[in-house]
Amino acid sequence: MVRAGLTPERLARAGAELADEVGFEQVTVSALARRFDVKVASLYSHLRNSQELKTRIALLALEELADRAAEAVAGRSGRDALTAFADVYRDYAREHPGRYAAARQPLDPETAAASAGVRHAQMMRAVLRGYDLAEPDQTHAVRLLGSVFHGYVSLELSGAFSHSAPDPRESWSRILDALDTTLRTWPAPAP
């Protein structure tokens, strides 16, 4: 018998907590059933399979991240907005490594279009409006920022920066300074 109160939303939230504890790749319907002390079959009345569970966790993570980013960048522009936006991603990844990994999960086009991922793209472009970049340079800048944020966070989470000075926080601040300078002095395309 399914334990009272289990819903797809509650299972996604519990799956997100599990992802933060054991890693996103380790999250399965079986692992979630053990967490609730129920039979795996009882969860299939709420979820089709582990892929649906992972998609629900990804959607939850994207929503949480978008809400945090929107709050952080509200009323800011230029370097202040850039820093606030970047810090949200880094802080979220450090607080919720499993959810952060989930947010990177590829989604089918229809699910992606209906997700909070759209809000992320809109906010990043709003941050870039403070730098007055026209297309296609704005898209190039979105890709640069996404690459730097994700690359730095991934390396930091893996411990890559823990073996030498300076402190990773100092490097993060200097990187944001460099990105701000790059965005303010964006190069013209080569002839």
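Colleague: What makes the largest pocket, with its volume of about 450 Å³, a pocket?

Modeller: On a 1 Å grid over the protein atoms alone, a pocket is an open set of points with protein on both sides within 12 Å along at least five of seven lines, whereas a cavity is a set where a 1.4 Å probe fits but cannot get out. The volume of about 450 Å³ is the space filled by probe spheres set on the points. Of its 19 lining residues (an atom within 4 Å of a point), Tyr89, Arg104, Gly117, His120 and Ala121 are the closest to the centre. This is a predicted model, in which local features need pLDDT of at least 70 and side-chain atom pairs pLDDT 80 or more, while totals for chains, interfaces and linings use all residues. Residues are numbered from 1 along each chain, and side-chain values use heavy atoms, without hydrogens and water.

Colleague: Why are helix 1 and helix 4 called roughly perpendicular?

Modeller: Their axes, lines fitted to C-alpha atoms over the stretch in contact, lie 9 Å apart at an angle of about 80°. Angles of 65 to 115 degrees count as roughly perpendicular, and helix 1 and helix 4 are therefore described in that way. Among the residues in contact (heavy atoms within 4.5 Å) are Leu11 and Ala12 in helix 1 and Leu53 and Ile57 in helix 4.

Colleague: How do you know that Asp20 forms a salt bridge with Arg99?

Modeller: The rule asks for a side-chain nitrogen of Lys or Arg within 4 Å of a carboxyl oxygen of Asp or Glu, and the closest N and O atoms of Asp20 and Arg99 are 2.9 Å apart, so the pair qualifies. Asp20 in helix 1 and Arg99 in helix 6 are 79 residues apart, linking distant parts of the chain.

Notes: Axes fitted to C-alpha atoms, helices over the stretch in contact; angles between N-to-C directions. Helix = DSSP H or I, 4+ residues; strand = E, 2+ residues; numbered from the N terminus. Parallel < 35°, antiparallel > 145°, perpendicular 65-115°, else oblique.
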